[in-house]
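This report describes how strands, helices and charged side chains are arranged in one protein model. Please keep the sequence and the structure at hand while reading.

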Amino acid sequence: MFDVVIAGCGPTGAMLAAELRLHDVRVCVLEKETEPASFVRIVGLHIRSLELMAMRGLLERILEHGRQRPAGGFFAAIATPAPEGLDSAHAYLLGIQHPVLVDLLENHALELGAQVRRGRAVADFEQDDEGVTIELAGGEQVRTRYLVGCDGGRSTVRKLLGVAFPGEPSRTETLMGEMDVGTPQDEIAAKVREIGETTKQFWIRPAAVGVYQVVVPAAGVSDRAEPPTLEDFKQQLRTIAGTDFGVHSPRWLSRFGDATRQAEHYRVGRVLLAGDAAHIHPPTGGQGLNLGVQDAVNLGWKLAAHIRGWAPQALLDTYQTERHPVAARVLDNTRAQMELQSAEPGPQAVRRLLTELMDFNEVNRYLIEKITAIDIRYDFGTGPDLLGRRLRDIDVAHGRLYDLLHRGRGLLLDRTDTLTVDGWSDRVDYLADPTAALDAPCVLLRPDGHVAWIGDDQHDLDDHLSRWFGKAVT
């Protein structure tokens, strides 16, 4: 009997498993694939995800395997520099190989005591008042108190749960892969610049020594059941560029569409959805993986609190109320970006206008903060602008703020040295620091780093501690 079974050991599933294990929740991750993905795809961790990794003490080991680049030029691939004034100590993009990131997160979960079982595909499940009985493809049954589907855009868990997945199907499709080319780099760059004037979903750029990432529009929309072939790439390159650039020796080949969908509900009883199982959208802006990891950190401590028995009654419901609007906004901004990459005269005119507007630092910063998820403000009621937002990694006594969040607990940062978290000390840490670089007397942070309360009154603080962390222990 597990407390939580997670279907899918991608970044979302692995991160969620680790978050739950911080609170001694018994976790098993079921992954249908017997081996990790063999192809190497470069993904980007945006600012908010990097902050979350720092909060859990993971950032340094992840940085060793990635490559940093400025946090600019993301929105609709409009080539603008990183804006000034990004409110983060980690204001950069980290490019990292997808299998490496998954391996790091999975190992983190394993180190904390999670179980990962490969070659286990969910075939069916049935939930009751006490838990969920899961039937695997081979007939084995697993019993758990909760099931979380982190099993991707074609989520078996979501389909079995019967949750609607409204939105728009793919209208266009793009081929992406990594391979060798037989054309000199300067000739490639010239042709990419020429075609890029009208076709934004086209590029050929170095991905590693001697290896190029190739992106080219597909001939049409397929059922995506089978990956594309090298010949598909050659044909489309000839159609778009007049040459296939001598591409050969592919490392991996894939296709993606611009389908945009979101689950109506993230929770039905004891079954929940996170990551691509809850929302899919085009990859423009590189937000999908980041959105899933952030889902996991939002959900993890809430589900753990429910299992450990101290959660306020409505706490688990805030996963839906907080994360569903965030994903809806991501879907909207990717829709807008896809329109701006159309070759039609109207969208191209809007793109030229937006390019001019992004020369204003405020506009550029607004869009980059949206893409990197540092603009999120959850609705915690009326209060200062900081309420509901994440707090940056500020200097505190003897170190940095995020170093105090490694255990996934709440934190009261008290600049008055007059308050207490007595009664909640098993769930909330305390730091008295009059010198903290913070324009507020005291703040209460949730385990995900969002500001749950600002003030200096103990009675008011107690009310908010009860709201987020349940009844005090006397």
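A salt bridge is counted here when a side-chain nitrogen of Lys or Arg lies within 4 Å of a carboxyl oxygen of Asp or Glu. By that criterion, a search of the whole structure, which is a predicted model, finds 33 salt bridges.

**Salt bridges**

The table lists three of these pairs with the distance from N to O.

| Acidic residue | Basic residue | N to O distance |
|---|---|---|
| Glu51 | Arg390 | 2.9 Å |
| Glu173 | Arg255 | 3.1 Å |
| Glu369 | Arg365 | 3.8 Å |

Glu51 and Arg390 form a salt bridge in which the closest N and O atoms are 2.9 Å apart. Because Glu51 belongs to helix 2 (residues 47-55) and Arg390 to the loop between helix 11 and strand 19 (395-396), this pair ties together parts that are 339 residues apart in sequence. Both Glu51 and Arg390 are buried.

Glu173 and Arg255 also meet through their side chains in a salt bridge. Since Glu173 is in strand 11 and Arg255 is in strand 14, the pair ties together parts that are 82 residues apart in sequence. Glu173 has a relative accessible area of 4% and is therefore buried, and Arg255, with a relative accessible area of 16%, is buried as well.

The side chains of Glu369 and Arg365 form a salt bridge at 3.8 Å, and these two residues both lie in helix 11, where they are 4 residues apart, about one turn of the helix. Are the two partners buried or partly exposed? Glu369 counts as buried because its relative accessible area is 19%, whereas Arg365 counts as partly exposed because its relative accessibility is 23%; the cut-off for buried is under 20%. Elsewhere, Arg48, Glu51, Asp87, Arg390 and Arg392 are joined into one network by salt bridges that share partners.

**The sheet of strands 12, 13, 11 and 14**

An open sheet is built from 4 strands in the order 12-13-11-14, with antiparallel pairing. Strand 12 (203-208) and strand 14 (248-257) are at the edges and have a single partner strand each, so one side of each is left without a neighbour in the sheet. From one strand to the next, the twist averages 20°. Strand 12 and strand 13 (residues 211-217) run antiparallel and are joined by 5 bridges, and within this sheet Trp203 has Val215, in strand 13, as its bridge partner.

Two helices are associated with these strands. Helix 6 (residues 185-196) lies across strand 12 and strand 13 and runs at about 140° to strand 12. Helix 7 (residues 230-241) packs on the sheet and touches strand 11 (173-180), strand 12, strand 13 and strand 14, its direction making about 65° with that of strand 13.

**The sheet of strands 3, 5 and 4**

Another open sheet contains 3 strands in the order 3-5-4, and the pairing is again antiparallel. Its edge strands are strand 3 (42-45) and strand 4 (66-70), each of which pairs on one side only. Neighbouring strands of this sheet are turned against each other by 30° on average, direction ignored. Strand 3 pairs with strand 5 (residues 92-97) in the antiparallel sense over 4 bridges, and the partner of Leu45 in strand 5 is Leu94. Helix 4 (residues 98-111) packs on the sheet, where it touches strand 3 and strand 5, and its direction makes about 90° with that of strand 5.

**Pairings of strand 9**

Which strands pair with strand 9 in the parallel sense? Strand 1 (residues 2-7) pairs in this way with strand 9 (residues 141-149) over 5 bridges, with Val4 having Tyr146 as its bridge partner. Strand 17 (residues 271-273) likewise pairs with strand 9 in the parallel sense, over 3 bridges, and here Gly149 has Leu273 as its bridge partner.

Strand 8 (residues 132-136), by contrast, pairs with strand 9 in the antiparallel sense over 4 bridges, and Glu135 has Gln141 as its bridge partner. The hairpin of strand 8 and strand 9 has 4 residues between the strands, and in this hairpin Gly139 takes a positive phi near 100°.

**A nonpolar surface patch**

On the surface, Leu353, Leu357 and Phe360 form a nonpolar patch that together has about 290 Å² of accessible area. Phe360 is located in the loop between helix 10 (345-357) and helix 11 (361-372).

Note on methods: Residues numbered from 1 in each chain as written. Predicted model: local features only at pLDDT ≥ 70, side-chain atom pairs only at ≥ 80, totals over all residues. Heavy atoms only, no water. Pairing = 2+ DSSP bridges. Axes fitted to C-alpha atoms, helices over the stretch in contact; angles between N-to-C directions. Contact = heavy atoms within 4.5 Å. Patch = residues over 30% accessible without salt bridge, like charges linked within 9 Å, V, L, I, M, F, W, Y side chains within 5 Å. Areas by Shrake-Rupley, 256 points an atom, 1.4 Å probe, with all protein chains shown as cover. Buried < 20%, exposed > 50% of the residue type's maximum accessible area, 1.4 Å probe, protein only.
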